[in-house]
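Please work through the following exercises with the sequence and the structure at hand. Each task is followed by a solution in steps.

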Amino acid sequence: MPRAAPPALLLPLLGLAAAAAADCPSSTWVQFQDSCYIFLQEAIKVESIEDVRNQCTNHGADMISIHNEEENAFILDTLKKQWKDPADILLGMFFDTDDASFKWFDNSNMTFNKWSDQEDGEELVDTCAFLHTKTGDWKKGNCEVSSVEGTLCKAAIPYEKKYLSDNRILISALVIAGTVILTVLGAVVWFLYKRSLDSGFTTVFSTAHQSPYNDDCVLVVAEENEYDIQFN
């Protein structure tokens, strides 16, 4: 019956699995795709959207930006299951009057929207966006808010974790695998060596028959035999 692997060999592998799951700053954050999210549930008094944004930047993040339907659905689902469920969440978006378009505070591209009140020619100066947590739609509102029920923040997984962690894990796994293989081979060689000692095994050279005569004696005996043959 094969023996179980020694615990010492399993511990490094378990450590790799734990390291792979530790991409977000702490357990209070939730990971989705390449980002980490945290909902600061404290209701605060604010004078502008910048006060709300500071809540996120103080945690090394920025206000939420949403880039596809899956991310929008994830936020709604997490708000219902894990976070306090306010009616509306302030999105990290502002209207840039220079080019008359909405932009994300985190400088990411505006690749997705879910407006429920899109109208042409409407006045959008000092307009911000809110996520309606019941429907998942976005709606426009005045940026001059006086209070918020909570702040949803988002932080990208650091570059070195996002792109290099897999390589580090692979290299570590290869090193561990090589160490295990060398250890096993060393154990096999040691086992064979001990077995040879216990069985009294000796080499061919050590068991070869040794002649009682040296080379000079053999030569003299050969000459005497040849002399006897000539005179007989």
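The exercises below concern a predicted model and treat confidence, sheets, helix packing and salt bridges in turn.

**Exercise 1. Confidence and overall composition**

Task: Determine how many helices and strands the protein has, and state which element has the lowest mean pLDDT and which the highest.

Solution.
Step 1. Six helices and eleven strands are present in the protein. Of its 232 residues, 29% are buried.
Step 2. The average pLDDT of the protein is 76, and 68% of the residues reach a score of at least 70.
Step 3. Among the elements, helix H1 (residues 7–20) has the lowest mean pLDDT, 41, whereas strand S4 (residues 62–63) has the highest, 95.
Step 4. Residues 1–21 stay under 50 in pLDDT, and the model gives this stretch nine contacts beyond four places in sequence. Residues 203–208 also have a pLDDT below 50, with one contact beyond near neighbours in sequence.
Step 5. Where pLDDT is low, the predicted coordinates should not be interpreted in detail.
Step 6. For contacts between residues at least 6 apart in sequence, 69% link residues at least 24 apart. The protein exposes about 15800 Å², of which carbon and sulfur atoms supply 57%.

**Exercise 2. Two open sheets**

Task: Give the strand order of the open sheet of three strands and of the open sheet formed by four strands, and identify the edge strands of each.

Solution.
Step 1. Strands of a sheet pair through backbone hydrogen bonds, in either a parallel or an antiparallel sense.
Step 2. The three-stranded open sheet follows the order S5-S8-S9 with antiparallel pairing. Its edges are strand S5 (88–90) and strand S9 (138–142), each of which pairs on one side only. From one strand to the next, the twist averages 40°.
Step 3. Within this sheet, strand S8 (residues 127–132) pairs with S9 over five bridges in the antiparallel sense. Phenylalanine 130 stands opposite lysine 139 in S9.
Step 4. The four-stranded open sheet has the order S1-S2-S11-S4, again with antiparallel pairing. Strand S1 (30–32) and S4 are its edges, each pairing on one side only.
Step 5. Six bridges join strand S2 (residues 35–40) and strand S11 (residues 151–156) in the antiparallel sense. Isoleucine 38 is placed opposite cysteine 153 in S11.

**Exercise 3. The position of helix H3**

Task: State which strands helix H3 lies across, and at what angles H3 runs to S8 and to S1.

Solution.
Step 1. Helix H3 (residues 69–81) lies across S5, S8 and S9, at about 60° to S8.
Step 2. H3 also lies across S1, S2 and S11, running at about 155° to S1.
Step 3. Taken together, these contacts place H3 across strands of the three-stranded sheet and across strands of the four-stranded sheet.

**Exercise 4. The hairpin of S6 and S7**

Task: Describe the pairing of S6 and S7, and state which residues of S7 form its covered face.

Solution.
Step 1. Strand S6 (residues 93–96) and S7 pair in the antiparallel sense over four bridges. In S7, tryptophan 104 is the bridge partner of methionine 93.
Step 2. Four residues lie between the strands of this hairpin, where alanine 100 takes a positive phi near 50°.
Step 3. The covered face of S7 carries Phe102 and Trp104, and the uncovered face carries Ser101 and Lys103.

**Exercise 5. Salt bridges**

Task: State how many salt bridges a search of the whole structure finds, and explain why the pair of lysine 114 and glutamate 69 ties together separate parts of the sequence.

Solution.
Step 1. The search finds seven salt bridges.
Step 2. In one of them, the side chains of lysine 114 and glutamate 69 meet at 3.3 Å, N to O. Lysine 114 lies in the loop between strand S7 (101–104) and S8, and glutamate 69 lies in helix H3, so the pair ties together parts 45 residues apart in sequence.
Step 3. Lysine 114 is partly exposed at 22% relative accessibility, and glutamate 69 is partly exposed at 37%.
Step 4. Aspartate 77 and lysine 81 also meet in a salt bridge (3.5 Å, N to O). Because these two are four residues apart in helix H3, about one helical turn separates them. Aspartate 77 is partly exposed at 36%, whereas lysine 81 is exposed at 67%.
Step 5. Lysine 103 forms a salt bridge with aspartate 99, with the closest N and O atoms 3.0 Å apart. Salt bridges with shared partners join Asp96, Asp99 and Lys103 into one network.

Conventions: Residues are numbered from 1 along each chain as its sequence is written. This is a predicted model: local features need pLDDT of at least 70, side-chain atom pairs count only at pLDDT 80 or more; totals for chains, interfaces and linings use all residues. Side-chain values use heavy atoms; hydrogens and water are left out. Two strands pair if DSSP finds at least two bridges between them. Axes are lines fitted to C-alpha atoms, for helices over the stretch in contact, and angles run from 0 to 180 degrees between N-to-C directions. Contact means heavy atoms within 4.5 Å. A salt bridge is a side-chain nitrogen of Lys or Arg within 4 Å of a carboxyl oxygen of Asp or Glu. Buried means under 20% relative accessible area, exposed over 50%, partly exposed in between (1.4 Å probe, protein chains only). pLDDT is the predictor's confidence in each residue, from 0 to 100. Accessible areas come from the Shrake-Rupley method with a 1.4 Å probe; for residues, only the protein chains shown count as cover.
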